Amino acid sequence: MSEVKTFSLADVKSHNTNKSTWIVIHNDIYDVTEFLNEHPGGEEVLLEQAGKEATEAFEDVGHSSDAREMMKKFKVGELIESERKQVPVKKEPDWKSDQQDDNQLKQWIVPLILGLVATILYRFYFTQ
């Protein structure tokens, strides 16, 4: 297995143009130069973060798991140990929970009961 290359923030700062665009996300360094024209948010978004720590901006957007997977091919190295930051990884939301089953039950039982009560009241008041 090949050894991971390490770079300092000063090294990364020198790659801040559209000819060479590096960004730091979660202490990993990515060369996104080839991705500038393909980025869904436009190249300006990446150029704004070029040569900098971009973890917060990346996480604030809420990138998909596909985007996170795609990033792997652009990784060129990692920050040197002394410049790494402790960045909490945001947990992906768990859309499948036990509470969801209770909500689905309530979603159809409440209208059913209201409909039943309305039917009984209608028959009681208007069919005599």
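**Salt bridges and a nonpolar patch**

Okay, let me start with one residue: Leu 121 is partly exposed, at 44% relative accessible area. Keep in mind that this is a predicted model. Leu 121 sits in helix α5, which runs over residues 98-126, and it is one of the residues in a nonpolar surface patch of about 1200 Å². Other members of that patch include Trp 108, Ile 109, Leu 112, Val 117 and Phe 124. Leu 105 is in there too, along with Tyr 122, Tyr 125 and Phe 126.

Now, what does the UniProt entry say about residues 108-126? The entry, which is unreviewed, annotates them as a "transmembrane region". In the model that span is 100% helix and 0% strand, and its end C-alpha atoms are 27 Å apart.

Right, over to the charged side chains. How many salt bridges does the structure hold? There are 6. Let me walk you through a few of them.

Take Lys 75 and Asp 28. Their closest N and O atoms are 3.3 Å apart. This pair ties together distant parts of the chain: Lys 75 is in strand β4, residues 75-79, while Asp 28 is in strand β3, residues 28-31, and the two are 47 residues apart. Are the two partners buried or exposed? Asp 28 has a relative accessible area of 16%, so it counts as buried. Lys 75 comes out at 35%, so that one is partly exposed.

Next up, Glu 78 and Arg 84, with 2.8 Å between the closest N and O atoms. Here Glu 78 is the buried partner, because its relative accessibility is 19% and the cut-off for buried is under 20%. Arg 84, at 31%, is partly exposed.

And these two pairs belong together. Which residues make up the salt-bridge network? Asp 28, Lys 75, Glu 78, Glu 81 and Arg 84 are all linked in it. So if you have the structure open, put Asp 28 and Arg 84 on screen together, because both are in that network, with Asp 28 buried and Arg 84 partly exposed.

One more bridge before I stop. Glu 69 and Lys 72 meet at 3.2 Å, N to O. What about their exposure? Lys 72 reaches 55% relative accessibility, so it counts as exposed, since the line for exposed is over 50%. Glu 69, at 48%, is partly exposed.

That's the tour: a nonpolar patch that includes Leu 121, and a salt-bridge network that takes in Asp 28 and Lys 75.

Methods. Residues are numbered from 1 along each chain as its sequence is written. This is a predicted model: local features need pLDDT of at least 70, side-chain atom pairs count only at pLDDT 80 or more; totals for chains, interfaces and linings use all residues. Side-chain values use heavy atoms; hydrogens and water are left out. A salt bridge is a side-chain nitrogen of Lys or Arg within 4 Å of a carboxyl oxygen of Asp or Glu. Helices (H or I, at least four residues) and strands (E, at least two) are DSSP runs, numbered from the N terminus. Buried means under 20% relative accessible area, exposed over 50%, partly exposed in between (1.4 Å probe, protein chains only). UniProt positions are given in the numbering used here, feature names are shortened, and annotations may be inferred rather than shown by experiment. Patches are made of residues with over 30% relative accessible area and no salt bridge: like charges are joined within 9 Å, nonpolar side chains (Val, Leu, Ile, Met, Phe, Trp, Tyr) within 5 Å. Accessible areas come from the Shrake-Rupley method with a 1.4 Å probe; for residues, only the protein chains shown count as cover.
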